[in-house]
Amino acid sequence: MNSQLMMGHSLVQIVALAILSLNVTIRLISYKIEKEHKRVQAVIALVDYYVTIYQTGDDHYAEHH
C-alpha cells in the first residue's frame, strides 16, 4: 500500500515537472520570438529610414538636373 502511494506521488511529481518544463520552454520560445520580432521591426524601420533618405535625395537630385 505504502509503495503504491509513493509510486503515485512520484508520478504526480513527474507530471508536475513535465508541465513546469513545458511552461518554461513556451515562455523561453515566446521571449525569443518577441526578441526576434523586435529585431525584425528595427531592421524594417532602418530600411524604411534609408529608403526615405534615398528617395528624398533622389528628388533633390532630380530637381537640380
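Let's start with two neighbours you can pick out easily: Y49 is exposed, and Y50 is exposed too. Keep in mind that you are looking at a predicted model. Looking through the whole structure for aromatic pairs turns up one. That pair is Y49 with Y50: the ring centres sit 5.9 Å apart and the planes meet at 65°, so the arrangement is edge-to-face. If you wonder why both numbers are quoted, it's because a pair of aromatic rings is described by the distance of the centres and the angle of the planes. Here the angle settles the label, because planes over 60 degrees apart count as edge-to-face.

Now step back and take in the whole protein. There is one helix and there are zero strands. The helix is called α1, and it covers residues 2-64. How much of the protein counts as buried? Of its 65 residues, 0% do. To count as buried, a residue would need a relative accessible area under 20%. Altogether the protein exposes about 6400 Å², and 68% of that comes from carbon and sulfur atoms.

Next, go back along the chain to a spot where nonpolar side chains gather. L17, L20, V24 and L28 make up a nonpolar patch on the surface, and together they offer about 390 Å² of accessible area. Take L28 as an example from this group. L28 belongs to helix α1, and its relative accessible area is 47%, so L28 is partly exposed. That label fits because the exposed class begins over 50% and the buried class lies under 20%.

Then there are the charged side chains. How many salt bridges are there? The count is two. One of them links K38 to E34, with the closest N and O atoms 3.4 Å apart. These partners are four residues apart in helix α1, so about one helical turn separates K38 from E34. They fall into separate classes for accessibility: K38 is exposed, at 55% relative accessible area, while E34 is partly exposed at 45%.

In the other bridge, the side chains of E36 and R39 come together with 2.8 Å from N to O. What about their spacing along the helix? E36 and R39 are three residues apart in α1, so these two are also separated by about one helical turn. Both ends of this bridge are partly exposed: E36 has a relative accessible area of 40%, and R39 comes in at 48%.

Key. Residues numbered from 1 in each chain as written. Predicted model: local features only at pLDDT ≥ 70, side-chain atom pairs only at ≥ 80, totals over all residues. Heavy atoms only, no water. Patch = residues over 30% accessible without salt bridge, like charges linked within 9 Å, V, L, I, M, F, W, Y side chains within 5 Å. Areas by Shrake-Rupley, 256 points an atom, 1.4 Å probe, with all protein chains shown as cover. Salt bridge = Lys/Arg side-chain N within 4 Å of Asp/Glu carboxyl O. Buried < 20%, exposed > 50% of the residue type's maximum accessible area, 1.4 Å probe, protein only. Phe/Tyr/Trp six-rings, centres within 6.5 Å; stacked < 30°, edge-to-face > 60°.
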